[in-house]
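Visitor: I would like a close look at a single part of this model, the last stretch of the longer discussion we could have about it. Could you begin there and then work outward to whatever surrounds it?

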Amino acid sequence: MTKLNVNGRILDVAVDGDTPLLWVIREQIGLTGTKYGCGVAQCGACTVHIDGVATRSCALPVSAVTEEQKIVTIEGLSPDGTHPVQQAWIKHDVPQCGFCQSGMIMTAAALLQANPKPSEADIASEMTNICRCGTYVRVKAAILDVAAGGQLGRG
Amino acid sequence: MTVLSAPRSFRPSRRHILAGSAAVAGAFTFGFSIPAGAQQAGTPEINAWVVVHPDDKVVIRIARSEMGQGTLTGLAQLVAEELNCDWSKVTTEYPTPGQNIARNRVWGNFSTGGSRGIRESHDYVRKGGAAARMMLIQAAANEWKVPAAECSAEKSVITHKASGRSLRYGQVAAAAAKLEAPKEVPLKDPKDWTIAGKALPRLDTVDKTNGKKIYGMDFKLPGMLNAAIKDCPVFGGKVKSFDAAKVRGMPGVKHVLPVGDSAVTVVAETWWQAKTALDALPIEWDEGPNAKVTSESIAAWLKEGLDAPDAVVGNQNGDAKGALAGAARVIEATYSYPFQNHACMEVMNATALYTPEKCEVWTPTQNGEAALAATAEASGLPLAKCEAYKIDLGGGFGRRGAVHDWVRQVVAIAKQIPGTPVKLIWSREEDMLHGRFHPITQCKLRAGLDKDGNVTALHMRISGQSIVAGLFPQNIQNGRDPVVFQGLNAPGPEASIGYSFPNLLIDHAMRNPHVPPGFWRGVNLNQNTIYLESFIDELAHETGKDPLEFRRSLMKSHPKHLAVLNAAAERAEWGKPLPAGVFRGICQTMGFGSYVAAVAEVSVGADGKLTIHRIVAATDPGHAVNPAQIERQVEGSFVYGLSAALYGEITIKDGRVEQENFDTYEVMRLEAMPKVETVIVPSGGFWGGVGEPTIAVAAPAVLNAIFAATGKRVRSLPLKNADLRKA
């Protein structure tokens, strides 16, 4: 039995330690907002926060995560979908098919928390998630909008 | 409520997939009942397209699939426009394919490809909205005992001006539903639109920002098992043997089963367990007759077709071969375009439940009716005992439309474990290896010039794969695949060439490798536009003319093509000096009913590094139903088109695909994304698609700009294989 801290709750999961955190989140814990896209940490659809750091969960064995580490998924980013990044995403109507957007939002939220005023170059180097619909223009605009609002950052 | 015959315990999950659309609290949920209209208590269906609830909530039925392109919102706008309803009260829902058949295909075609969602259904969906409005007004008029002509409706409120009375749609919906549908249903002039034609936000955004949206991969049924699959990596190969005993004892494993004669599945409690066991399963393949095929052998075969005597004519006028023989000068170039994978972010998946009495499938699909047909075929049950439930797609791009190979697989698995629901998810590797690939072609272009440099003839020989021959061979007549000539057709409303030549010949030597082709967003317009627009650029440079002016000189009889080219050129300020090191390229095409053009601004470093700074894209879709969504489709088209141009290449070795994931099949990321300016110039009078045509101008605009920057003409894609350092 492994103990995990997910979205502020301590959960017991019975699972092989080699299982990637992504599949524990999706199949054992039952939170499906975090997506499988590639399984090799290339596309970022599986991005969650571990102690505030954007982490690709598809290639991370659950045994590498301790009970003390705080995992946050898209479902736990805000209680009611009102995180500034989520609001900016709605305002800019960013998603197309939406499949990659949980990962995009989690990556953007971590970026803005660490670097509240990212330059375009910062955004380009941090936002390496793949979107096949091609929402990049809107992703960038939404991030810059949040940065302009100044609601995020190390307090 | 008529409940479909699945066990009651499954209903909550099925409701779940429609959450946010149909699952309106206190109202009927459409996904589980065959709507029979007003006779059902609490089901105030005005007609097949419109349901109005007592609280004025309007549910608009959408037959086409939402996969990110915004068709759900656009179609709802068209219905709501004619309905004169309150847009803030609009939600949507999908009828099922089985319901469509049961109701004599009242919702028409479900197919969502070829950028046809709006352009092929605008007429009947608008009539659905208009007829419902007329019935609602009539119901109010009946109550007031006044002529309907004295009443009007605005924002879901019907008013009788003379007496000052008003009623809400919700108040008369039940009465309206009992009325006869009107025979004559006039539609508004688009210039009077107030909902359609507006840049409204999408209806389906919020759940895509909070993890609540359920994709096929997320779908669950009680007691469901999970399946992973491996199909023979060599197309046309089979399973020789597999040693199930080696993995049966692994955690969670329930079944190890053959799927048809070419695939093996492991079914387990969780997908990760299934995949882990499948990876450990010894499988021997009979690779069949294609095990030696390589990209090189395919290329050689296509090259032979460039000069083969036999070819099927797609478009011609005059005597191109004769004119070329007598030309003062002949310019010739050969281009090639590789296989591409759709690489939808959501891999192929479906859930199935089979019993001898019924087979049901839940899947992301671009064509619910084709998914239903695949379910029936694979289950061996009649259509009436099958149902397919559509789930919004995590990308489609043509992969999830014409072929439902994954549906056949999941049904073949479910049939071996009757009564147990099973969800099949492909690994990314399986998805990459078993695509339905963008067809591979080469093209030889020959232009004849007279002594003054005027173009007297063009011969364009395409050699290579036919999608139609691969998917619907019954539709090949006299050896001709009409889709091969997209963007090159004679003048007309679809995919017509934008230039006139005194002598023209465009023909196709069909060469179909064993790699299965598919419709890939933009289809054959993509490479045909690269071939023609690059070569036109070559001719301009060879004759010392400005690429824009040269095009204009050939486009006098093609005013719509020309207008959109001019719109792009003007916005991009063609001819105005650029910063040092930045160069422009231009191109245009027509397809999927729309006219498009683009200007790209690029620079190429001394090390050969390409930077795309800015794209200006112009589109004339006839009528623009939602300009904000058109902009997003144009921007997204550049990502898809430039991904292909920069990186997209599936290569073949030992009969199989070499690329297995995004580390070797690269796609564009935000870092490479240029600024995109969209110019929408709707000229009215026709309905064009917007999801695809712009893809075709992405690559040639950039290729022509690269030539301007470096003097290097890249004729073989993708660009990652080209050395762009100045010679």
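Guide: The part to begin with is B:Pro718, which is placed in the segment after helix 17 of chain B. Please keep in mind throughout that this is a predicted model. The peptide bond that leads from B:Leu717 into B:Pro718 is cis, and its omega is near 5 degrees. As a general matter, most peptide bonds are trans, and most residues other than glycine have a negative phi.

Two residues of chain B depart from the second of those tendencies. In B:Ser115, a residue other than glycine, phi is positive, near 50 degrees, and B:Ser115 sits in the loop between helix 3 (97-102) and helix 4 (122-144) of chain B. B:Ser115 counts as buried because 25 other C-beta atoms lie within 10 Å. B:Phe397, likewise a residue other than glycine, has a positive phi near 60 degrees; its place is the loop that runs between strand 17 (386-391) and helix 10 of chain B. With 30 other C-beta atoms within 10 Å, B:Phe397 is therefore buried.

Helix 10, which follows the loop of B:Phe397, packs against another helix. Two packed helices are described by the angle between their axes and the distance between the axes. For helix 9 (residues 368-379) and helix 10 (residues 405-416) of chain B, the axes come within 9 Å and cross at roughly 35 degrees, and the crossing of helix 9 of chain B past helix 10 of chain B is right-handed. On the side of helix 9 of chain B the residues that meet the partner are B:Ala371, B:Ala374, B:Thr375, B:Ala378 and B:Ser379, while helix 10 of chain B brings B:Val407, B:Arg408, B:Val411, B:Ala412 and B:Lys415. Sorted by class, this contact between helix 9 and helix 10 of chain B holds six nonpolar, two polar and two charged residues.

From here the view can widen to the nonpolar interior. In soluble globular proteins, nonpolar side chains tend to be buried together. The largest nonpolar core in this model has 271 residues, and those with the most contacts inside it are B:Leu136, B:Val266, B:Val410, B:Ala568, B:Ala598, B:Ala701 and B:Val702. Helix 17 (residues 695-710) of chain B, the helix that the segment holding B:Pro718 comes after, gives the most to this core, with twelve residues. Leaving aside residues up to four places away in sequence, B:Val410 touches B:Ala350, B:Thr351, B:Ala352, B:Val361, B:Val422 and B:Leu424.

The domain assignment sets these pieces in a larger frame, since chain B is given domain 1 (38-207), domain 2 (216-288 + 348-425) and domain 3 (295-340 + 437-721). Taken over C-alpha atoms, the centres of domain 1 and domain 2 of chain B are separated by 38 Å. Where these two domains are in contact, 14 residues belong to domain 1 of chain B and 18 residues to domain 2 of chain B, and the side of domain 1 that touches domain 2 has five nonpolar, eight polar and one charged residues.

Chain A, for its part, is assigned domain 1 (2-76) and domain 2 (84-149), with 21 Å between their centres over C-alpha atoms. Their contact takes 15 residues from domain 1 of chain A and twelve residues from domain 2 of chain A. On the domain 1 side, strand 3 (47-50) and strand 4 (53-56) of chain A are the elements that give two or more residues, and strand 3 of chain A gives the most, with three residues.

Finally, the two chains themselves meet in a contact that takes 44 residues from chain B and 45 residues from chain A. On the side of chain B, helix 6 (271-280) and helix 16 (627-646) are the elements that give two or more residues, and helix 16 of chain B gives the most, with seven residues. That side of chain B divides into 21 nonpolar, twelve polar and eleven charged residues. Within helix 16 of chain B lies B:Glu631, which counts as buried because it has 21 C-beta neighbours inside 10 Å. The C-alpha atoms of B:Glu631 and B:Tyr335 are separated by 31 Å, and the two residues are 296 residues apart along the chain.

Notes: Residues numbered from 1 in each chain as written. Chains lettered and ligands numbered in written order. Predicted model: local features only at pLDDT ≥ 70, side-chain atom pairs only at ≥ 80, totals over all residues. Contact = placed C-beta atoms within 7 Å. Helix = DSSP H or I, 4+ residues; strand = E, 2+ residues; numbered from the N terminus. Nonpolar A, V, L, I, M, F, W, Y, C, P; charged D, E, K, R; others polar. Buried ≥ 20, exposed ≤ 12 C-beta atoms within 10 Å, placed from the backbone. Core = buried A, V, L, I, M, F, W, Y, C linked by C-beta atoms within 7 Å. Domains from an automatic or database assignment. Axes fitted to C-alpha atoms, helices over the stretch in contact; angles between N-to-C directions. Left-handed = near helix turned anticlockwise from the far one by under 90°.
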